[in-house]
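Here are some notes to read with the structure open beside you. Take the points one by one and find each residue as you go.

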Amino acid sequence: MLNLTDKFLELVRLAATSLPPDVEKALRESVEKEEPSSASRGALETILKNVELAREKSTPICQDTGTPIFYVHYPQGWSTIELKAQIREAVVEATKLTYLRPNAVNSVTGKNTGDNTGDEHYPTIHFEEMEGNTLSVDLMLKGGGCENVGAQYKLPNSKLDAGRDLEGVRRVVLDAVYQAQGKGCAPGILGVAIGGDRGSSFIASKETLLRQLDDKNPDAELAALEDTLFEQANQLGIGPMGFGGETTVLGAKVKAVHRLPASYFVSISYMCWAYRRRKMTVIGDNVIYA
Amino acid sequence: MQKLTIPISDDHIRSLKVGDSVTLNGTMLTGRDAVHKWIFDTFIEKKRAPEGDDQEVYEAIKQILEGGVIYHCGPVVAGLDSGDYKFVAAGPTTSTREEPYQARVMQHFNLKGVIGKGGMAGNTLAACRDVPGVYFHAIGGAATLIAQSVKEVLGVHKLDFGVPEAIWVLQVEEFPVVVTMDSHGSSIHDEVDQKSKKILDSLLA
């Protein structure tokens with residue numbers, strides 16, 4: 001099997017230092033919506049300056065380089081033991097090169113391992129075997145500030161008058177955006193999962209963040225819900241950094257997964273504006289980054 | 001844009017109003033979750049006795065915090081092997097986690113400024129009025145840009161807390177922030193919260 005450690009290292013570098021084009025475009029469009037010389041417009045201008053500088057200097061966009069979450073789709077017969085070892089080695093190297101901050105903290109002793117490897121859950125790696133001979137790896141770096149404002153609701157929720165339907169979903173998602181205020185580094189992106197158990201629901205809410213900002217949900221009902229969430233979350237007026245303003249979220253992505261008859265979870269993963277996700281595809285000797 | 005030099009006088013603090021954009025210049029410390037808990041438990045509530053270098057570090061940081069500023073930040077730092085430290089990326093972390101400690105820490109050290117993101121709550125706002133002090137909001141995620149304002153890393157304490165949680169002593173120039181909580185009881189965060197709550201209620205009506 002190929003040794004792809006260097007290629008994984010490049011994936012990490014790219015994700016940490018270069019904001020994806022769709023996110024940058026959405027931020028640029030948002031600047032024009034904010035009032036001239038307002039604090040919220042100033043925040044967006046600073047954000048864009050930082051995006052350019054980080055790319056130019058190849059240094060982290062945000063100092064919280066987050067939990068590295070890898071989604072690996074690998075060809076039949078490849079060894080996940082080897083892929084995992086290579087990914088972990090790349091993460092250690094990326095930490096040495098200061099593309100990543102040492103982020104793995106032992107929850108009992110409080111000790112930071114210093115190299116971004118912890119137990120089997122850190123870094124997080126999801127493996128899925130695929131037909132064909134292409135390896136594709138998505139990497140998301142999810143910071144702690146935005147992860148902390150994520151939320152999971154169990155419907156029905158009488159306080160929010162939210163029943164087990166898409167109207168109920170709308171109500172709890174808007175509540176989550178309100179609760180988050182600017183603390184998750186608004187403008188954010190909402191990854192929403194409906195259904196699942198508590199664990200699979202949160203996993204699905206993150207998977208949906210791998211979608212492009214300007215794509216359309218193939219499910220018409222969910223597409224309509226995404227549009228409503230985007231529009232109404234922005235009406236809340238929380239604005240960039242919570243300074244007030246027009247841009248509270250850059251997008252909303254919703255995924256429905258099967259659930260038990262007894263459970264109806266709505267999980268919201270809030271992604272900060274520093275929406276760091278990159279993809280690497282390996283076909284034969286060719287490695288393509290996007 | 002107003003230029004402030006650390007230490008900051010009470011008069012200067014009182015002249016600041018929410019919405020003011022200012023730059024900070026001088027020596028400041030980083031301190032976040034582990035540092036606030038350590039200060040609180042060891043020197044304010046005295047739940048645990050100082051051990052190791054605790055007392056020594058306390059005396060050192062006390063001088064910088066008197067009239068000074070603390071920055072909620074867990075940086076990316078180069079030069080960890082050589083000790084020739086350089087800040088690579090250094091944006092603010094979410095401040096609300098320090099709410100249980102911040103007011104007492106401000107009073108204990110006569111701390112004039114807290115830099116972070118996301119704002120803080122009632123106890124800190126009250127301390128801003130009493131000490132007096134202000135909350136400076138840095139732009140979350142603008143880490144490479146903000147690191148340019150860190151001209152020199154003067155030292156580090158408690159590196160055993162880990163790189164993000166250590167106390168980094170910094171010389172900063174033109175460090176850009178916005179006042180979002182002032183010493184007169186105003187908080188942009190409270191205003192935005194109340195306004196957005198009304199809108200939420202109407203969207204859920």
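The points below start with chain B as a whole and then move to single spots in both chains.

1. Before anything else, keep in mind that this is a predicted model. Every value here is computed from it, so read "has" as "has in the model".

2. Let's begin with the build of chain B. If you count through it, you should find seven helices and nine strands. Its C-alpha trace spans about 60 × 40 × 40 Å along the principal axes. Is that what a compact globule would give? A better way to put it: what radius of gyration does chain B have, and what would a compact globule have? For 205 residues the globule value is near 17 Å, and chain B has 17 Å, so the two agree.

3. Next, look at how chain B is packed. Of its 205 residues, 59% are buried. Now take the contacts in chain B with a separation of 6 or more: 63% of them are between residues 24 or more positions apart.

4. Then there is the surface of chain B. About 7900 Å² is exposed, and 48% of that comes from carbon and sulfur atoms. On the charge side, chain B carries 20 positive and 27 negative side chains. The centres of these two sets are 5 Å apart.

5. Over to chain A, where strand S2 (residues 124-130) holds A:His126. Is A:His126 buried, partly exposed or exposed? With a relative accessible area of 26%, A:His126 is partly exposed, because buried would need a value under 20% and exposed one over 50%. Leaving out residues up to four places away in sequence, A:His126 touches A:Ile69, A:Phe70, A:Tyr71, A:Val72 and A:Ile203. Have a look at the last of these: A:Ile203 sits 77 residues from A:His126 in sequence, yet their C-alpha atoms are 9.9 Å apart in space.

6. Strand S3 of chain A (residues 134-142) is where you'll find A:Ser136. Its relative accessible area is 14%, so A:Ser136 counts as buried. Which residues does A:Ser136 touch, if you skip those up to four places away in sequence? They are A:Tyr71, A:Val72, A:His73, A:Lys279, A:Met280 and A:Thr281.

7. Helix H7 of chain A covers residues 198-207, and A:Ser201, A:Ala204, A:Ser205 and A:Lys206 are buried there. Check the N-terminal end of this helix too. A:Asp197 caps it, with a side-chain oxygen 3.0 Å from the backbone nitrogen of A:Gly199.

8. Now for some backbone oddities. As a rule, most residues other than glycine have a negative phi, and most peptide bonds are trans. The bond from A:Ala186 to A:Pro187 is cis, with omega near 5°. You'll find A:Pro187 in the loop between helix H6 (166-180) and strand S5 (188-194) of chain A. Chain B has a cis bond between B:Ile6 and B:Pro7, where omega is about 0°. B:Pro7 lies in the loop between strand S1 (2-5) and helix H1 (10-15) of chain B.

9. Finally, phi. A:Ser58 is not a glycine, but its phi is positive, near 55°. A:Ser58 is in the loop that runs between helix H3 (39-57) and strand S1 (67-75) of chain A. A:Asn116 is another non-glycine residue with a positive phi, about 70°. Its loop lies between helix H4 (80-96) and S2 of chain A. Is A:Asn116 buried or exposed? A:Asn116 has 1% relative accessibility, so it counts as buried.

Notes. Residues numbered from 1 in each chain as written. Chains lettered and ligands numbered in written order. Predicted model: local features only at pLDDT ≥ 70, side-chain atom pairs only at ≥ 80, totals over all residues. Heavy atoms only, no water. Helix = DSSP H or I, 4+ residues; strand = E, 2+ residues; numbered from the N terminus. Rg over C-alpha atoms; globule rule 2.2 N^0.38 Å. Buried < 20%, exposed > 50% of the residue type's maximum accessible area, 1.4 Å probe, protein only. Contact = heavy atoms within 4.5 Å. Areas by Shrake-Rupley, 256 points an atom, 1.4 Å probe, with all protein chains shown as cover. Lys, Arg positive; Asp, Glu negative; His and termini not counted. Charge placed at Lys NZ, Arg CZ, Asp CG, Glu CD. Polar contact = N/O pair within 3.5 Å; in protein donor to acceptor, adjacent residues only side chain to side chain.
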